[in-house]
Amino acid sequence: MKQVVQNYKSGELALLDVPVPGCKPGGVLVRSAYSLISTGTELMKVSEAGMSMLGKARSRPDQVAKVVQSVATNGVPATYRKVMGKLDSYTPLGYSLCGVVEQVGAGVDDVKVGDLVACAGNEHALHAELNWVPRNLYARVPDGLAPRHAAFGTVGSIALQGVRQGEPRLGDVALVIGLGLIGQLVVQFLAASGVSVVGVDPDPVRCELATRLGATTCGDPASVAVASSVAELTDGHGVDQVYLAAGGASNQPVELAAQLSRDRGRVVDIGKCSLNLPWNAYYEKELDVRFSRSYGPGRYDPEYELEGRDYPIGYVRWTERRNLACVLDLLARGRIDVEPLVSHVADFAEAVETYRRLEEGDLKAVAVLFRYPDQPDHPDLAERGAEAAAPTLTVPAVRRGAGPTRAPARTGHAPVRLAFAGAGNYATSMLLPHLAQREGVELARVVTTTALSAANAQRKFGFAEATTDLDAVLDDPGIDAVFVVTRHSSHAELTRRALLAGKAVFVEKPLALTEDELAGVLAAVEESGNDRLQVGFNRRFAPLLRQARHRFGARTGPGNLRYLVNAGRLEHGSWYLQQGTQGSRFAGEGGHFIDTASWLLGADPLSVYALAAPGHEDGGDLQVVLRYPGGSTATISYVTTGPAGFPKETLDVVAGGRALRLDDFVRASVYGGRGRRWVSSRLPKARDKGQRAELDAFLKAVRTGGPMPVSLESLAATTAATLAVRTSLVGGAPVTLARAR
């Protein structure tokens, strides 16, 4: 299928061939009929992509701060790969469309195949022939409403949410600054609510259009006529609300808002303009400044948008989806009219040229629609208008089936053919750069649930094929190994399926989020006889740590290990925070540190005891104590509240009169019995946490048919110990890791 994309690094726009997205549970697959270009938001993004690297940095200082912090935490090479990987990728455009339901995912019962729906979301309602849209980001189009008009549903929701934030009342007077697409819709919503509207825009054509659509009067921001009209309509008191629908760097809109507002009036920011508030003017009138967050309540909440969890209507009357449905209803009843806003309708094949004309000013437009080809027969597609997610815990026993537990050694010089399930940030920054163009390796297939991420991985790393069909990958007898690098909730099931398909599997941590999931993976090993499994516990492969362990030598007597992990806080919106579906943060990455401790102490843990501050059992600071055979112990302090500048990982091991210290994979020290000290020091830019060496070991095992780098028994024990942390926190007691027989 075709999709409009942009490379943020080069600014290139393209109509790209990408795989058809999969129809996941909780949503529908929609074939686009019309999609709307947001001439404000999208053109700002297009323009920003055309800037120099310095210009991009100046426009996004928040992202520059993140890069600086990443350098301090991860070093220069890893940060560079991550940043350039994001920049040099195709990103989607679009967020408002109308189309026909082509496939219905499991759990969806409110629409059926063939229904016409309006869709929202800058990850779901894209300028693409097909989109997967989750339940709370679509609404059924009322009978009789033209698809080209229903495509305005999302943009209309943005305007409607802004109006709701202003709380207009019958008889109020409002000022709308900026009469672009959003501003024109705000004018109509206010007029429909019985509000007298004064519009402001330097473009006389837009002023005239707003007057036709319900504004009492409109004019240039510098015009005396605007102030005179406000004075006349309000008896000199000033407007009740100001709606900022303008963009750009000028501070004029907020200054004008203060000038023309009444005492204790409201100023609502809908667009993205300068907000350098003149303190005296806003203080003296005690103005109420409010922000309108996109389409309404639910926006940026993954549980609402991705998992379909609605807000009770008694507590949240107008959500994203209810706003969308409201806009469609007002359109269907003729209470607002978007046809006069349609400046141009372009065939989807002309998308790149249309953006070029808009950016260069050849096409001056309030709203531009893309019309898609090959629409199925549907009664509502007939055009009208101008165009037609203190116990004992048993570690499952590892049993292998009757089949071979070693793969046959490969013959000849045929490369190891790899497939990737998932191509997110970790895969593209930490794994694929070590595999691309490696001798003896062929990147055969990449499969993702989103079409564009698969296409990006194919372009950057040279995969022979990009797809959204996992079954086709697992059924391909030529695939030697599958990398599972998806979100945590899918790891166990995808690993189980790949093992049953006879593939060697590299799964990024965690292997499983529950005891049942772990048991399911091991059952697949028993059923298939295929134990060709590696979990991405890369730290035991880190060259600096391996060298320090070698210098430390064979341990005599019990060892005591202390591991401090300064994990830091997660950004708002991170999918790691989706604990209902993705598990706790420690469940996701704690296996790294338990595996490292077990490797250094040379055994699997016997018991786990975990402590957390009250109320922080699912994501705050944790203390995990592990007991090992022979009296060895390990304490892992996992903290999320430490300072950003402090090293992320520090580790100490003391045993038999010797000590080993690791400082964030930058410096390692070994102290001997006579006070001798061996020190290895490296620059932060050389930080190596073992990904390359881990991949080398995995590929060697696949190529030669030899044993996997880490025994299956150890992988299972580490996973069980990680899961036991939660059990101990809930029960308030140590958990004994009994071995099943």
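**Entry: strand β28**

I began with strand β28, residues 649–655, and found six of its seven residues buried, so the strand is largely enclosed by the rest of the structure. I note here that the model is a predicted one.

I then looked up the neighbours of β28. Strand β24, residues 560–566, pairs with β28 in the antiparallel sense, over six bridges. For one residue contact I took Asn 560, and its bridge partner in β28 is Val 654. Strand β29, residues 658–663, also pairs with β28 in the antiparallel sense, again over six bridges. Here I noted that Val 653 stands opposite Leu 660 in β29.

β28 and β29 form a hairpin with two residues between the strands. In this hairpin I found that Gly 656 has a positive phi, near 55 degrees. As a reminder to myself, side chains in a regular strand alternate between the two faces of the sheet.

**Entry: helix α22**

Next I turned to helix α22, which runs from residue 585 to 601 and has 17 residues. From first C-alpha to last I have 25 Å, close to the 24 Å expected at 1.5 Å a residue. I also looked for a bend, and α22 has a kink of about 35 degrees centred on Gly 591.

How many of the residues of α22 are buried? I count 17 of the 17, so the helix is largely enclosed by the rest of the structure. After the helix comes Gly 602, and I wrote down its positive phi, near 70 degrees.

**Entry: helix α6**

I did the same for helix α6, residues 153–166. This helix has 14 residues and reaches 20 Å from its first C-alpha to its last, close to the 20 Å expected at 1.5 Å a residue.

Twelve of the 14 residues of α6 are buried, so I put α6 down as largely enclosed by the rest of the structure. Among the buried ones I listed Gly 153, Val 155, Ile 158, Leu 160, Val 163 and Gly 166. Thr 154, Ser 157 and Gln 161 are also among the buried residues of α6. I kept in mind that an α-helix has 3.6 residues a turn, so residues three or four places apart point the same way.

Which residue follows α6? I found Glu 167 there, with a positive phi near 50 degrees.

**Entry: salt bridges**

I then went through the salt bridges, and the count comes to 36.

I took Asp 110 and Arg 321 as one case: their side chains meet in a salt bridge, with 2.4 Å from N to O. Asp 110 lies in the loop between β5 (96–104) and β6 (116–120), and Arg 321 lies in helix α13 (residues 320–332), so the pair ties together parts that are 211 residues apart in sequence. I noted Asp 110 as partly exposed, with a relative accessible area of 33%.

My second case was Arg 333, which forms a salt bridge with Asp 329; their closest N and O atoms are 2.9 Å apart. Is Arg 333 buried or exposed? I have it as exposed, because its relative accessible area is 51% and the cut-off for exposed is over 50%. Asp 329 counts as partly exposed, at 32% relative accessibility.

My third case was Arg 417 with Glu 442, whose side chains meet in a salt bridge of 3.5 Å, N to O. This pair links distant parts of the chain, since Arg 417 is in strand β18 (residues 416–421) and Glu 442 is in strand β19 (residues 441–447), 25 residues apart. I looked up both ends: Arg 417 is partly exposed at 22% relative accessibility, and Glu 442 is partly exposed at 27%. I then found that a network of salt bridges links Arg 417, Glu 442, Arg 445, Glu 465 and Asp 476.

**Entry: a surface patch**

On the surface I looked up a nonpolar patch of about 310 Å², made by Leu 275, Leu 277, Val 289 and Phe 291. Where does Leu 277 sit? I placed Leu 277 in the loop between β13 (261–269) and α11 (279–285). Leu 277 counts as partly exposed, at 34% relative accessibility.

**Entry: Thr 217**

Last I checked Thr 217, which lies in strand β11 (residues 217–219). Thr 217 is partly exposed, with a relative accessible area of 21%. I also looked up the separation of the C-alpha atoms of Thr 217 and Leu 175, and it is 10.0 Å. The two residues are 42 residues apart along the chain.

How values were computed: Residues are numbered from 1 along each chain as its sequence is written. This is a predicted model: local features need pLDDT of at least 70, side-chain atom pairs count only at pLDDT 80 or more; totals for chains, interfaces and linings use all residues. Side-chain values use heavy atoms; hydrogens and water are left out. Patches are made of residues with over 30% relative accessible area and no salt bridge: like charges are joined within 9 Å, nonpolar side chains (Val, Leu, Ile, Met, Phe, Trp, Tyr) within 5 Å. Accessible areas come from the Shrake-Rupley method with a 1.4 Å probe; for residues, only the protein chains shown count as cover. A salt bridge is a side-chain nitrogen of Lys or Arg within 4 Å of a carboxyl oxygen of Asp or Glu. Helices (H or I, at least four residues) and strands (E, at least two) are DSSP runs, numbered from the N terminus. Buried means under 20% relative accessible area, exposed over 50%, partly exposed in between (1.4 Å probe, protein chains only). The expected span of a helix is 1.5 Å times one less than its number of residues. Two strands pair if DSSP finds at least two bridges between them. The bend at a residue is the angle between axes fitted to the seven residues ending there and the seven starting there.
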